[in-house]
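Hi there,

Here is the structure I promised to send over. Have a look at it first, and then read on for what I found.

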Amino acid sequence: MNYVMSWRGPQTDMLYTLMNGLLFNISWFAIIYTQSTTLAPLLVSLHLLAHFSLMGRGLPEGAFIIGVTMLGILVDQTLFYLGVFTVNGQAALPPLWITCLWPVLATTCMHAFRGLSSHLWLAALFGGIGGAGSYLAGTGLTDVQFASTAWGPWIMAAIWMILFPALLFVARMWINGMEAADASS
């Protein structure tokens with residue numbers, strides 16, 4: 001089974017890349033805006049349905065998304081446990097809607113951000129700036145706050161300077177494995 005959709009041309013690939021980025025941003029904002037433990041899983045389900053209907057790469061990409069989501073749960077639990085984040089100024093567990101952001105992000109690793117996977121230093125820069133920026137925006141729109149507004153963004157920048165290129169590297173290896181399996185079949 002061809003998971004990579006090699007029949008697409010450069011113009012179609014660009015369209016899918018733009019659609020993937022747009023879908024991510026719409027879903028991210030909707031999840032952040034609603035902060036709903038009911039709506040967030042529904043929004044993720046709709047996001048994944050649209051993603052896999054339009055550009056998804058089948059079960060291998062699904063497994064990657066599950067893996068990223070599991071990693072994200074671990075990251076969020078650790079950050080809340082260590083007190084990097086609070087909810088309404090109180091220590092708390094991460095809200096479910098935050099967990100719902102991870103599969104949405106994972107759908108971009110093989111699509112919108114794929115080009116960065118061969119430039120990991122640039123991915124680290126984007127991860128540091130974009131990761132911290134995303135959390136800054138999120139804390140401005142939600143009940144989740146940095147426990148320390150001085151250190152929180154710097155901690156997130158450091159984490160995402162490592163995590164983002166690592167995710168893209170793994171996504172690239174995953175794609176190479178899918179392409180190799182397709183070539184041998």
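A word on terms before the main finding: by a nonpolar core I mean a set of buried Ala, Val, Leu, Ile, Met, Phe, Trp, Tyr and Cys residues joined through side-chain atoms within 4.5 Å. Please keep in mind that this is a predicted model.

The largest such core holds 38 residues, and those with the most contacts inside it are Ile31, Phe85, Trp97, Trp102, Met156 and Trp160. At least two of its residues come from each of α1, α2, α3, α4, α5, α6, β2 and α7. Helix α7 gives the most, with 9 residues. As for Ile31, if you leave aside neighbours within four places in sequence, its contacts are Ala40, Leu43, Val44, Trp97, Cys100, Leu101 and Val104.

Helix α7 deserves a second look. A kink of about 30 degrees is centred on Trp160. How far apart are the end C-alpha atoms of α7? They are 47 Å apart, which agrees with the 48 Å that its 33 residues should span at 1.5 Å a residue.

Two threonines also caught my eye. Thr139 sits in helix α6 and counts as buried because its relative accessibility is 9%, under the 20% cut-off. Beyond its neighbours within four places in sequence, Thr139 touches Phe85, Val144, Gln145 and Phe146. Thr108 lies in the loop between α5 and α6, and with a relative accessible area of 1% Thr108 is buried too. Again leaving aside neighbours within four places, Thr108 is in contact with Asn20, Phe24, Phe113 and Arg114.

Best wishes

Note on methods:
Residues numbered from 1 in each chain as written. Predicted model: local features only at pLDDT ≥ 70, side-chain atom pairs only at ≥ 80, totals over all residues. Heavy atoms only, no water. Buried < 20%, exposed > 50% of the residue type's maximum accessible area, 1.4 Å probe, protein only. Helix = DSSP H or I, 4+ residues; strand = E, 2+ residues; numbered from the N terminus. Contact = heavy atoms within 4.5 Å. Expected span 1.5 Å × (residues − 1). Bend = angle between axes of the 7 residues up to and from the residue.
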